[in-house]
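Student: I should be grateful for a close look at one part of this protein. Could you please select a sheet, describe how it is built, and then relate it to the rest of the chain?

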Amino acid sequence: LMPLARGDDGQWAGQEKREITGVFSDAPNWSPDGRKVVYVSMEGGRRFFIYDTINNTYTPVPNMPPHSSDPKFSPDGKQLVFSADPQNNAKPEIFVINIDGSGLRQLTHNDYYDGHPAWSPDGRHIVFVSKPGDNKDLYIMGSDGNNVTRLTDDPGDEFDPSWSPDGTRIAFTADRHYPRSDNYEIYIINADGSGEMRLTYNTGTDRWPVWRPNASNEGQAGCTPLAAWLTDVAIPAGTRFAPGASFTKVWRVANRGTCTWTPNGYTLRYASGDLTGETTAIPMPGAIQPGAWVDLAVPFHAPEAPGQYVAMWELRDEAGNPVPAEGGGTLTLPVSIEVLPSDAQGVLPASLYFLDEGQVWRIASDGREKAQVTREAEDVSSFDVAPGSGQVAFVHANRLYLVEADGSNPRLIAEGTEDAHVSSPRWSPDGRTLAYGLGGVHLYDVAGGSDRLLIASEPGDQYGLGSKRFAPLSWSPDGATLEVFIGGYEWAGRGLVSVADGTLLSEVDYADMSTWSRDGNTLYLANATSNYGIFPRPPGLFALPNAPQAEAQPVIEERAVWWPYAGAEGRLLYFVSDREPDISLEEIVVSLAAMPLGGGEQEMVRYDFFRLFPEEFGEALWAPGGEGVVVRLEHFFAESGEVLYYPLDGGSPFFLGEVGKSFRWGP
């Protein structure tokens, strides 16, 4: 405990620290009169203590239920509200007790988590966190436990509730706007559940909101609005579209002024141009503080008529005035697209197959015609398309099926068990053999119908130690070697297996992605992140010779590398970052680079291809001849995504959709 005092100069200064407990203690909370502190201590077991700062005494609160936590003084200082888990089953309940240990009352009686309680300033209500389903939400109830009302209902978790001094609003923390649970943002909501507003919009963690007593609303008075465009996050200028396609344009804009861009004051509005959608204005997604940036997303529909379309959008302040741009003038945000004729041909080098909504779909090479290949009751987990014939092998409900390219003539190839699951169908380069995982790696001869277990998984001991699970990843171009996934109890990696006799030729640490050289002599491995689960590995590009007992050799180190491709002209193409990534919390520049397959100097094919966070580069699929690449990008902060086909001749990208994954070329 370190008391603070205001000196003669008006400045706050810390006094000498006073230790009030010599054992592990946490969750301190001041009494309303500022004289006492309640805290949780491990002294004599987990107990609540109340420390009197005037008399320098502390006393335990008697009659506490086991596993109690989160004590909070009532506004009159006579009671404590807290959570306790008497059964020690991770299902705590909310309790109230007098500070002398009398009058214990249980307020909630649920068979799930209830915790983080806090009194309203008038003592009439209690806000708390409850988890009746998969996520935590905020609830409010009377101080007697009656009239329970749900305040939030969102797929994310809400917690850390904090009442405003006037009791009208509640600040809280949520993880709903980012796929990583360690990125928390601060929100406020009215005590009746209305008027929710996001306050922070940061890449780092924001938690534990606390209101300033007697806060005023003078912060926006006399401020200066100013904005700057940073980048086009989604839909680069000139992106080509099929008629009528739906898409989301995203701009990244920085607040360079001294005003906070509040959701109920600042809007992005359509200003001019010939491209409009159903939306002509959007509010800020949160309170954008001075110095912060925000991704602003607007939905559109491409017109039906071919041609070039441009529209301008402006940021407006609380009075409806355009926000000035850094450097002068008004900040205008353009969206510029091209709609192709309905009879345009050759947009893609071949038909593109992919997963969407749990089923396999196909987009024709014209980029417009979309057909559903599978129509299963449960989701398809993985699939592959045979070269030449276009037959589709897919896994559904732990069964491996084979269908024609149009989804007709389904055949059951293999069925898994409770202990052995079917996975990862992979066609051989000649389209005659299908590799798949089921207790190891199987090879299925399509013409003859024979099935051979190439390499069996190894169960290990009774605890799984020493186990190895094998599943196919890719075939070498000559069909003589299989790249396989190797999953162990304490290790994960990749390996090479001889198709002739099932010999495990080599094992290396896990890598994010891979590609074969055209002659099949080398497997290139790329890492864009530093960890696979709990297993650390370095980012970069590595070469694994297709030979017994070979080891992977570094080609590029300390840089994130994505989606390498060995071209026929003897070059290795790949995406590379400008530096080593920092756990996805800092934006990086991604460029398209190349180098000779035999080694040599790196050349930049296209610098500054993307600006994104490392985990946003979801997938890439190179055209069979290397003339272009399909990329799937996920824009976390705008909560949108896009799939684009980029030709490497310098032409504009073609928009394929906002969703899709596991892309494959086929007839």
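**A four-stranded sheet and its setting**

Tutor: The accessible surface of the protein comes to about 30,300 Å², and 47% of it belongs to carbon and sulfur atoms. The model is predicted. Along the principal axes, the C-alpha atoms fill a box of roughly 85 × 70 × 50 Å. The protein has 56 strands and zero helices. Of its 667 residues, 50% are buried. Among the contacts with a separation of 6 or more, 43% are between residues 24 or more positions apart.

The part chosen for the close look is an open sheet of four strands, in the order β48-β49-β50-β51, with antiparallel pairing. The edge strands are β48 (561-566) and β51 (603-612), each of which pairs on one side only. From one strand to the next, the twist averages 15 degrees. In general, the strands of a sheet pair through backbone hydrogen bonds, either parallel or antiparallel.

Consider next the pairing of β49 with β50. Strand β49 covers residues 571-577 and strand β50 covers residues 588-596; seven bridges join the two, which run antiparallel. Arginine 571 stands opposite proline 596 in β50.

Serine 577 also belongs to strand β49. Its relative accessible area is 5%, and because buried means under 20%, serine 577 counts as buried. Leaving aside neighbours within four places in sequence, serine 577 is in contact with Arg559, Ala560, Trp562, Ile588, Val589 and Val590.

The edge strand β48 contains tryptophan 563. The phi of this tryptophan is near 45 degrees, a positive value in a residue other than glycine. Tryptophan 563 has 19% relative accessibility, so it too counts as buried, the limit being under 20%.

A residue elsewhere in the chain offers a useful companion to tryptophan 563. Asparagine 56 has a positive phi of about 55 degrees, although it is not a glycine. Asparagine 56 is placed in the loop between β5 and β6 (57-60). With a relative accessible area of 48%, asparagine 56 is partly exposed.

Another antiparallel arrangement may be set beside the sheet, namely the strands around β16. Strand β16 (residues 169-174) has five of its six residues buried, so it is largely enclosed by the rest of the structure. On one hand, four bridges join β16 to strand β15 (residues 158-163), and the two run antiparallel. One of these pairings places serine 162 with its bridge partner in β16, alanine 171. The hairpin of β15 and β16 has five residues between the strands, and in this hairpin glycine 167 takes a positive phi near 75 degrees. On the other hand, six bridges join β16 to strand β17 (residues 185-190), again in an antiparallel manner. Here alanine 174 stands opposite glutamate 185 in β17.

Finally, the surface deserves attention. Val23, Phe24 and Met42 form a nonpolar patch there, with about 290 Å² of accessible area together. Methionine 42 lies in the loop between β4 (36-41) and β5 (47-52). This methionine is partly exposed, its relative accessible area being 39%. Serine 577 in the sheet, by contrast, is buried at 5%.

Conventions:
Residues numbered from 1 in each chain as written. Predicted model: local features only at pLDDT ≥ 70, side-chain atom pairs only at ≥ 80, totals over all residues. Heavy atoms only, no water. Pairing = 2+ DSSP bridges. Axes fitted to C-alpha atoms, helices over the stretch in contact; angles between N-to-C directions. Buried < 20%, exposed > 50% of the residue type's maximum accessible area, 1.4 Å probe, protein only. Contact = heavy atoms within 4.5 Å. Patch = residues over 30% accessible without salt bridge, like charges linked within 9 Å, V, L, I, M, F, W, Y side chains within 5 Å. Areas by Shrake-Rupley, 256 points an atom, 1.4 Å probe, with all protein chains shown as cover. Salt bridge = Lys/Arg side-chain N within 4 Å of Asp/Glu carboxyl O.
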